[in-house]
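Please study the structure shown below before attempting the exercises. Each task is followed by a worked solution.

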Amino acid sequence: MKRHKGIILVLLVTAMLFCRNIYAHEIVGEVTALMMHMQNILSLIESNKIDDAFHETGMVFEDFSHSMGMGMKMEGIGLKSTSDDIDKRYNTNIGKKIEVGFKKRDHDGLMSGLQSLGFLLMLEKFDVLQSGFDKKDNGLDVQKTIFWLGRNYFSYLLEPALAKKNPVEAQRLDRILDSMLYRLEDRRFGEFIELRVEFEKGVIKAFKLGLNPVSSPNKGGTAK
Amino acid sequence: MRRHACLTVLLFLFLFNGTVHGAHILEPLGTETAATPPRGRMFGQLVYSLLDPGNQGSRTRSALSIEFEAGIGERTQLNLETEDIISAGDGGEEGKGIEEISFGLKHRVLDETGDLPDLAFGVDFAPSSGFEISDRSILATLIFSKNINPQILLHANLGYGIKTGISDTGTGAAVHRDGIGVINITPIYKAIPDKLMLMTELNIDIDRGEKISEVTFSPEVIFVVQTATFLKMQNMAFKFAFPVGLTGDSPDFGVRLGVSKLF
């Protein structure tokens, strides 16, 4: 019995030491106010609460500042400004898609536009990450933080819907993201980029985003 | 010892809190899933069981099991599990204490596609199995997990192993070596995907040496407390199962309560 106690205590301590580097799987770091609103809008559309979805879209279409009570405010850059920036960067038309969906009360178009925006915001973070692969002063912790900020867009905005309609593909894409993280940790950047291409193709196909092609190894993101 | 183990585990669970998520915490109480924890992370689970043997005995048995599964590779995990008998029902000390400690490895060999399941292979070695210090066992298990449709998930295990020990035959000690088998089948309904899962487990444990076949049917519910619900209790899974024995060798009924977290 004493031998058993010793074994268990040693293993528990080892387990605690093993888990020193703890980081999250789903959401790490910042969830912006706009992300929260986008997620709410997508959930409302899926729940068939269309009027509520458009009401919330109207609240954040332009840059916003909402009173939360108790002297607190929720501020953020709106959908229009964010999508305009993304459109300039990636030569896309997401802003128009969201605006048309909103003004014509086309909830499918609005949903597709928001999903595309979430996807491109994720790519933007991955591009920032990749641009630092050649720079030796970018530490692993910084790179992992940027990776998770990008991954958050998938986990928060896209994965829940995909898990409901195609859990096999959601699991596959989630595992690809895990593999990307491992390659990053192992400094195998070429394989990271290959996995990223596979991941992006999977997301575009799963959500029928109508975005053309995916990032290439030499560019920071060429979705159109 | 039990108090120390519980306190250590609870401290562990809350010290290393973080925003976590993982399909792994949705593993049923009595059935293995083919998923493994992500590399560098650990799944921890605490389970309390209370079993009423019915007409097979007069003693209600309660036990506490502690389980850790550590992701040591992209598809591989290392297991540690211990089961401690808290009460053997008669108020005495006989039958109480750590009944089993086991170590194991699980490796996922196949990823699920449209037609194929997730498939994993596991081996567990118990250097201490049962209250006799000489009892040991080794069990190899095939583990399948398959999404039947977006709402229904199926897990199945098929295991075979060997249990060895030394027994007193009256004329001297003798080594006995007997086969053990495990069959688990668990269909799961995803009432709210990743948050509320309803399932029924069919668990079959065969011990040829003891000539016991325990067959239990166990309705179970798993719900996940997520970030939006509580600040501190993020992505912990709470599990409730109500096993019912289907054979004479099985406990009549019982209750199992579990809590799990991915670190």
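The exercises that follow concern a predicted model.

**Exercise 1.** Determine which residues of helix α5 of chain A are buried, and why they lie on the same side of α5(A).

*Solution.* Step 1: α5(A) spans residues 94-103, and its buried residues are Ile94(A), Gly95(A), Ile98(A) and Gly101(A). Step 2: These residues cover an arc of only 135 degrees around the axis, and therefore they share one side of α5(A). Step 3: The packing partners of the buried residues are α3 (50-60), α4 (79-90) and α6 (107-131) of chain A. Step 4: Just after α5(A) comes Arg105(A), with a positive phi of about 55 degrees.

**Exercise 2.** Identify which residues touch the most other members of the largest nonpolar core.

*Solution.* Step 1: This core has 59 residues; Leu79(A), Phe119(A), Phe147(A), Met180(A), Phe199(A) and Val203(A) touch the most other members. Step 2: Elements giving two or more residues to the core include α2 (33-46), α7 (140-165) and α9 (189-207) of chain A. Step 3: Leaving aside neighbours within four places in sequence, Val203(A) contacts Phe119(A), Phe154(A), Leu158(A), Leu173(A) and Leu209(A).

**Exercise 3.** Establish which strands of chain B pair with β10(B), and in what sense.

*Solution.* Step 1: Strand β9 (residues 196-207) of chain B runs antiparallel to β10 (residues 212-225) of chain B, joined by 12 bridges. Step 2: In this hairpin, four residues separate the strands, and Lys211(B) has a positive phi near 55 degrees. Step 3: Strand β11 (residues 236-241) of chain B pairs antiparallel with β10(B) over six bridges, with Glu220(B) opposite Ala241(B). Step 4: Strand β12 (residues 244-245) of chain B is also antiparallel to β10(B), over two bridges; there Gly245(B) is the bridge partner of Thr216(B).

How values were computed:
Residues numbered from 1 in each chain as written. Chains lettered and ligands numbered in written order. Predicted model: local features only at pLDDT ≥ 70, side-chain atom pairs only at ≥ 80, totals over all residues. Heavy atoms only, no water. Buried < 20%, exposed > 50% of the residue type's maximum accessible area, 1.4 Å probe, protein only. Arc of directions from axis to C-beta. Contact = heavy atoms within 4.5 Å. Core = buried A, V, L, I, M, F, W, Y, C linked by side-chain atoms within 4.5 Å. Pairing = 2+ DSSP bridges.
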